[in-house]
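Welcome! Please take a moment to look over the sequence and the model below, and then read on for a short tour.

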Amino acid sequence: MSAAPPLGVADSLTREAIEHWLRETDETRLQELWAAADETRRRYVGDAVHLRGLVEISNYCVRGCTYCGIRAGNRGVERYRIPEDVLLECAHKTVEFGYGTLVLQSGEDYGITGEWMTRALRRIRSETAVSAITLSLGERPDEELAAWREAGADRYLLRFETSDESLYRRIHPDLPGRVSDRMSILRRLQELGYEAGTGIMVGIPGQTYASIADDIEIFRGMDMDMIGIGPYLPHPATPLGQEFARRTAEGDWPDDQAANTELATCRVLALTRLARPDSNLPATTALSLADKAGGRVHGLQRGGNVVMPNVTPPEQRELYEIYPEKAAVHETAEAVNAGIRQLLASLGRTVGAGAGGRGAA
Ligand code: 5AD
């Protein structure tokens, strides 16, 4: 076996190295990748881990994304929208826990109107001391994005999921008359003065390691403030979840299919840290679900510097099932907060102060 191509940082990380390390499975050799990612994380963004309180404000969605459990076509989902006052309580809790950022996520739900969101943002701004507000509400029209920025939103998350155009079209069907172009929305968000975040899923059926190497090269050229990377977790009540089950049963996988494992996701995370040394990279919930024992720790030790503790009230939280969490025991927000602080202390990491925007190490 020939020697592994050397790991570099930013522009000195070669395409050849990215492709090689994405496919590396030897745990001993992988130590080199983990160490490089951890060292780069420490050098560029420090030991502080930024905590962001996540509120899942609605599980309604107009989209038919074939991977997602809250897709419009899933009739088995009981739908909810969080009342404004409950949202305000969550915001207060976020401040109480000392989380610098409040993240509001939902399906692409036009029942959450532009006006409703604008009002909620203004109330959060005037009634609470949250340092930063992040939105993750799907592909909303320009006017709304502009109004929300004006009303006090600082950041917006929109993963491009995969840069493989034909795969993206398969997993993310367009709405009638509206071609999905997330790259152009991300550019628009930046023009509007948002800090923009993006990301991908790892191990989507039909996604190759070569295509993930493309994704990482795109991250390198993109100037994103945050990059979220999680494994694809098959949801049985979705078309892609069913395809995953069939392919697994039949061993019917394309050449170079990327794995949706915790290990494969860590390789992508670590390489992304090297490619974009100063980005904010979360140790995602999906990663921690792929390996309940090690996922979160690995996420933090292999490139991650952000954690997004869930502060959604348990009642709604259990209905926000983008991937299967049926077996998960949802701890209270208080318990989650205590657990994360303990974990960070045990890893010798500190809790980030303030909003934790990029470069705020
Ligand atoms: N598995 C993993 N990630 C998922 N997401 C949605 N559904 C799934 C799933 N089944 C991710 C997508 C989306 C983000 C909010 O959650 O990447 O952008």
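## Overall build

The protein has 14 helices and 8 strands; helices (H or I, at least four residues) and strands (E, at least two) are DSSP runs numbered from the N terminus. Its radius of gyration is 19 Å, close to the 21 Å from the globule rule for 361 residues, so the protein is as compact as a globular protein of that length. That radius is taken over C-alpha atoms, and the rule is 2.2 Å times the number of residues to the power 0.38.

This is a predicted model, in which local features need pLDDT of at least 70 and side-chain atom pairs pLDDT 80 or more, while totals for chains, interfaces and linings use all residues. Residues are numbered from 1 along each chain as its sequence is written, and side-chain values use heavy atoms, without hydrogens and water.

Along the principal axes, the C-alpha atoms fill a box of roughly 60 × 45 × 40 Å. Of contacts (heavy atoms within 4.5 Å) between residues at least 6 apart in sequence, 79% join residues at least 24 apart.

## Inside and cysteines

How much of the protein is buried? Buried residues make up 57% of the 361 residues, where buried means under 20% relative accessible area (1.4 Å probe, protein chains only).

A search of the whole structure finds 0 disulfides, a disulfide being a pair of cysteine sulfur atoms within 2.5 Å. Here are two cysteines that are in no disulfide:

| Cysteine | Nearest cysteine sulfur | Distance | Relative accessibility |
|---|---|---|---|
| Cys 61 | Cys 65 | 6.2 Å | 18%, buried |
| Cys 68 | Cys 65 | 6.3 Å | 13%, buried |

Conventions
Buried means under 20% relative accessible area, exposed over 50%, partly exposed in between (1.4 Å probe, protein chains only).
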